[in-house]
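Q: Could you walk me through this protein? I'm new to reading structures, so plain sentences would help.

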Amino acid sequence: MGRLFGTNGIRGVFGEDLTLDLALEVSYSLTTYFRGKNLLVGYDGRHSSPLIAQVMRAGMNALGTDVANAGLVPTPCLQFCVKSLGYSGGAMITASHNPPEYNGIKAIAGDGVELSREEELNVEEIYFNKNFRHVDRKIGEQINEDRAITSYIDNIKSLVNVDLIKSKRLTIVLDLGNGAQAVTAPKLMKELDCKVIAINSTIDGSFPARGSEPTPNNLDLLSKTVRENSADLGIAYDGDGDRSIFCDEKGNVYGGDKSAAVLAEHILSRNTNARIVTPINSSMLIDIIASKHSAKVTRTKVGSIEVSREMLKINALLGFEENGGFMYSKHIAVRDGAMTSALMAELIASRARRLSQIIDELPELYQHKAKFKCTKEQGIKIVEELLSNARGRTETLDGVKIWFDDYSWVMVRQSGTEPVLRLYAESNDSKLLDEIVENYSKQIRNITDVSG
Ligand code: MG
C-alpha cells in the first residue's frame, strides 16, 4: 500500500499530485474514518484552498455527515474550534509554509490534534481500498461556523494576564507574510491594547512579500519596521499561522530554540515539575532551562504531530520545534502562532528588561544547520554509514544523532517533505562546532556525491 500522508499531512502541487479527485476521496475516507455526525473544515489563503475545501465539504455531505465551514482561518484556530466547539473531527486545507503552487489537507481528530501516525494508516487503508461508508443515508447539511475567530481569540486571552499586557501598551510589529494569521493576530493584539503595526498583511496565496516561511534570513523588513517605530517586539508567521518567529526591540531575529527557551523560562517559573516535549533536533537550551525548574524534557522524532501526540500522552504543559512552532497545552497541544504571541507579550510585560536582554541571559550555545540535495536512497545510505563510522554515544530515534560531549552533537536526517538531507549541529564551543560541521559535511559529500 502506498502512502498518502507525509510528515505534515497530505501535501502536493495542486492539480498535479493534489487534485480535486484526490481531495474528494480523502473527504470520503475521513468521513468513513470519523463516523462523526459533524465535521469542521477550514482553509488558508492559498488560491486553491477554497476550492479544495468546497469539494471536501461536498464529499462529507454526500456520505451523510453535516459539515461546518470555518472559512479562512489559521490552522491552530481550526484545530482549537474542532476541540472546543464539539466537532467529531475536521480538515484544514493548507500547505503551511510550502511554495504557492502547493496545497495540502490536514486531518484533525476530535481533540484538535492531527491524527496520529497509526490513525493515518487507518485512513490510508480506507482510501486505498476505497472502503467508503455512508455515515447516514441522508445528504448532510452545511452550516457556517461563525464563532471560530472569536472563540479562538477569547480562549487565548483567558490564558494570559490581560491587565498586565494592557498596562504596558506595547508596540508590536506583525509580519503576517500574506498568510492566515492576518485574520486573527492583529485583532488579538489590539484587544490586548497593543499598538499594532502590520506589514505584509494582505492575504495573498502567491506570498509575494517574503514567501510563506519566516526564517531569520528573510525578515529584514520586520527588523527595520521594529527599529524605525521603536517597537517592543516583532513577530512573523508562516502561511497558515501555526509558526511564529520573534524579533527583539533592536531588530535581531531569533530561531525557535531561543524564543522557546525564554517562553519556557517564563511559563515554568509559575509551573514547576512540568513536562516539555520537543523533537530530537532541537537545542540543549531547553534542557538547561528545564533543569532549573525541575521540569522534564521528552524528545520525539522530528514532526509537530509527534510532539503534539506525545504531549497529550504524558500530559505535557509545553512543546516546541526549532522552526518556531510553540505549543501550550492549556490552550491546545498544537503549534499556535497567536497563542505564542500573547505569551511573548505577557513575558515582555512582566519583566523590567527588554527582549534582547532577556535573550542575552540565555546560556551560550552555538548552532549550525545545513541541507544537502539528495534522493531518499542516498539519504538512507548516508545515515547508515555515519552511524557505522560513529564513535561514542549515538541515537537513532530519527536519522542519526552523534554526541561528542554533554553539549556537543551532530544530527543528520532525511527530510520528510523535500528531497534533502538535513544536518543540525550544536556545541558550547564554537571552534568544536566548526570542526564538527566541516567534518560531517565532508563525510556526507564523500559517501555519495550530493551537493549542499
Ligand atoms: Mg505552518
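**Cysteines, loops and helices**

A: Cysteine 81 is a good place to begin: with a relative accessible area of 0%, cysteine 81 is buried, where buried means under 20% relative accessible area, exposed means over 50% and partly exposed is in between, using a 1.4 Å probe and protein chains only. Please keep in mind that this is a predicted model, in which local features need pLDDT of at least 70 and side-chain atom pairs count only at pLDDT 80 or more, while totals for chains, interfaces and linings use all residues. Residues are numbered from 1 along each chain as its sequence is written, and side-chain values use heavy atoms, with hydrogens and water left out.

Q: OK, and how many disulfides does a search of the whole structure find?

A: The search finds 0 disulfides, a disulfide being counted when a pair of cysteine sulfur atoms lies within 2.5 Å.

Q: Why is there no bond between cysteine 81 and cysteine 77?

A: The closest cysteine sulfur to that of cysteine 81 belongs to cysteine 77, and because the two are 4.4 Å apart, they are too far for a bond.

Q: What about cysteine 247, is it buried or exposed?

A: Cysteine 247 counts as buried, at 0% relative accessibility, and its sulfur is 15 Å from the closest cysteine sulfur, in cysteine 194, which is again too far for a bond.

Q: Switching topic, what is the secondary structure of the protein?

A: The protein has 15 helices and 20 strands; these are DSSP runs numbered from the N terminus, with helices (H or I) of at least four residues and strands (E) of at least two.

Q: Which residues of helix H5 are buried?

A: Helix H5 covers residues 148-158, and its buried residues are Ala148, Ser151, Tyr152, Ile153, Ile156 and Lys157. These buried residues pack against strand E3 (66-72) and against four helices, namely H3 (75-84), H6 (162-168), H7 (185-191) and H12 (337-350), and contact here means heavy atoms within 4.5 Å.

Q: You mentioned H12, so what does threonine 340 touch there?

A: Threonine 340 lies in helix H12 and is buried, with a relative accessible area of 1%. Not counting residues up to four places away in sequence, threonine 340 touches Ser244, Phe246, Leu263 and Phe326.

Q: And serine 283, where does that lie?

A: Serine 283 lies in the loop between strand E11 (275-279) and helix H10 (285-292), and at 2% relative accessibility serine 283 counts as buried. Leaving aside neighbours within four places in sequence, serine 283 is in contact with Asp257, Arg299, Leu365, Gln367 and Glu426.

Q: Which value of phi does asparagine 273 have?

A: Asparagine 273 has a positive phi of about 60°, although it is not a glycine. Most residues other than glycine have a negative phi. The place of asparagine 273 is in the loop between helix H9 (256-268) and E11, and asparagine 273 is exposed, with a relative accessible area of 59%.

Q: Then what is phi near for asparagine 315?

A: Phi of asparagine 315 is near 55°, which is also a positive value in a residue other than glycine. Asparagine 315 sits in the loop between helix H11 (304-314) and strand E13 (318-320), where it is exposed, with a relative accessible area of 66%.

Q: Last one: how many of the residues of the protein count as buried?

A: Of the 452 residues, 59% count as buried, and the C-alpha atoms fill a box of roughly 65 × 55 × 45 Å, taken along the principal axes.
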